[in-house]
Amino acid sequence: MKKKTMGAKPFLLPMTTVLAGASREGKANYMPVSFCGIIQQSPALIVISVGPTHYTNKAIKDSQGFSVNIPSADMVEITDYCGLISGVNNDKSVLFDNFYGKLENIPMIKECHLNLECKLVNSIDLGGTHELFIGEILESYIDEDCITNNLPDIKKIDPITYSVGSNEYWRVGEYIGKAWGVGKNYESIKK
Ligand SMILES: Cc1cc2nc3c(=O)[nH]c(=O)nc-3n(C[C@H](O)[C@H](O)[C@H](O)COP(=O)(O)O)c2cc1C
């Protein structure tokens with residue numbers, strides 16, 4: 001198949017669709033974030049990249065932390081709505097049932113099956129459109145009915161993925177194999 005060049009585009013497919021939470025002057029706020037990823041296992045570190053004009057940017061600095069809430073596919077409309085309005089002139093705290101864990105000023109969303117509570121450990125101004133916030137995950141919260149074999153169950157959590165460029169939300173598809181396992185079949189084929 002012939003390759004076509006498409007420019008220096010951020011075409012990482014799929015991306016996450018999480019709701020990042022933080023509070024400012026005691027008010028919880030949430031925004032959808034697709035620029036999000038785990039960057040270290042232990043201590044567990046997560047990064048989100050947030051534009052400087054967003055209310056969330058200031059809220060993270062105020063509350064010195066943030067939460068990462070994983071909305072399920074049935075929350076796609078409210079999730080997108082959080083990206084259409086800003087905490088600058090809207091109170092997004094009323095959209096969800098908020099709860100708090102170890103950090104009293106880091107709000108999390110009860111309706112999301114999975115929540116990560118993070119303490120801000122570093123921020124990096126990239127000198128462009130976004131600023132990086134690195135959080136240490138202090139605790140993870142998961143709805144009991146979304147746990148299988150003592151682990152988060154991706155099928156039950158039913159997360160939303162994001163297709164950048166086409167700006168579409170997609171659901172996770174089928175199970176295709178065990179990591180650090182299915183590759184062994186390939187080795188036996190080679191022999
Ligand atoms: C699917 C989706 C993903 C987004 N991802 C990001 C992101 O990674 N970083 C960012 O700065 N803005 C992102 N945005 C834009 C913000 O979520 C949006 O501007 C939001 O209204 C900001 O809210 P706030 O001002 O209350 O913080 C995304 C929006 C959508 C709909």
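Here is a friendly conversation about a predicted model and the reasoning behind some of its labels.

Colleague: I am new to this structure, so let us start at the ligand. What makes a residue count as being near the ligand, and which come nearest?

Modeller: A residue is near when one of its heavy atoms lies within 4 Å of the ligand. There are 22 residues around the ligand, and Gly51, Thr56, Ile85, Ser86 and Gly87 come nearest.

Colleague: What makes the pair formed by Pro32 and the ligand a polar contact?

Modeller: The cut-off for a pair of N or O atoms is 3.5 Å. A polar backbone atom of Pro32 is 2.9 Å from an oxygen atom of the ligand, so this pair is a polar contact. Phe35 also has a backbone N or O atom 2.9 Å from a ligand oxygen, and for Gly83 the distance from a polar backbone atom to an oxygen of the ligand is 3.2 Å. Those values lie within 3.5 Å, so they count too.

Colleague: How much of the ligand does the protein bury?

Modeller: The protein buries 87% of the 640 Å² that the ligand exposes when taken alone.

Colleague: Which elements give two or more residues to the shell around the ligand?

Modeller: They are strand 3 (27-33), strand 5 (45-50), helix 1 (55-63) and helix 2 (76-84). Strand 3 gives the largest share, four residues. By residue type, the shell divides into ten nonpolar, ten polar and two charged.

Colleague: Now the cysteines. How do you know that Cys118 is not in a disulfide?

Modeller: A disulfide is a covalent bond between the sulfur atoms of two cysteines. The sulfurs must lie within 2.5 Å. For Cys118, the closest cysteine sulfur belongs to Cys36 and is 8.4 Å away, so a bond is ruled out by distance.

Colleague: And what about Cys146?

Modeller: The closest cysteine sulfur to that of Cys146 is in Cys112, at 11 Å, which is also too far for a bond. By this rule, the count of disulfides is zero.

Colleague: Why are Cys118 and Cys146 called buried?

Modeller: Buried means under 20% relative accessible area. Cys118 has 0%, so the label fits. Cys146 has 2%, so Cys146 counts as buried as well.

Colleague: Why is Asn149 called exposed?

Modeller: The label needs a relative accessible area over 50%. Asn149 reaches 73%, so Asn149 is exposed. This residue sits in the loop between strand 11 (147-148) and strand 12 (151-152). Its phi is near 50°, a positive value in a residue other than glycine.

Colleague: Is Asn167 buried or exposed, and how do you know?

Modeller: Asn167 has 54% relative accessibility, so Asn167 counts as exposed. Asn167 lies in the loop between strand 13 (160-163) and strand 14 (168-171). Its phi is positive, about 50°, although Asn167 is not a glycine.

Colleague: Where are the cis peptide bonds that involve Pro14 and Pro43?

Modeller: One joins Leu13 and Pro14, with omega about -10°. Pro14 is in the segment before strand 1 (15-16). Another joins Ser42 and Pro43, where omega is also about -10°. Pro43 lies in the loop between strand 4 (36-40) and strand 5.

Colleague: Which residues does UniProt list as "signal peptide"?

Modeller: The unreviewed UniProt entry lists residues 1-20. In this model, residues 1-20 are 0% helix and 25% strand, with the end C-alpha atoms 39 Å apart.

How values were computed: Residues are numbered from 1 along each chain as its sequence is written. This is a predicted model: local features need pLDDT of at least 70, side-chain atom pairs count only at pLDDT 80 or more; totals for chains, interfaces and linings use all residues. Side-chain values use heavy atoms; hydrogens and water are left out. A polar contact is a pair of N or O atoms within 3.5 Å; within protein, one must be able to donate a hydrogen and the other to accept it, and residues adjacent in sequence count only if both atoms are side-chain atoms. Accessible areas come from the Shrake-Rupley method with a 1.4 Å probe; for residues, only the protein chains shown count as cover. Ala, Val, Leu, Ile, Met, Phe, Trp, Tyr, Cys and Pro count as nonpolar, Asp, Glu, Lys and Arg as charged, and the others, Gly among them, as polar. Buried means under 20% relative accessible area, exposed over 50%, partly exposed in between (1.4 Å probe, protein chains only). UniProt positions are given in the numbering used here, feature names are shortened, and annotations may be inferred rather than shown by experiment.
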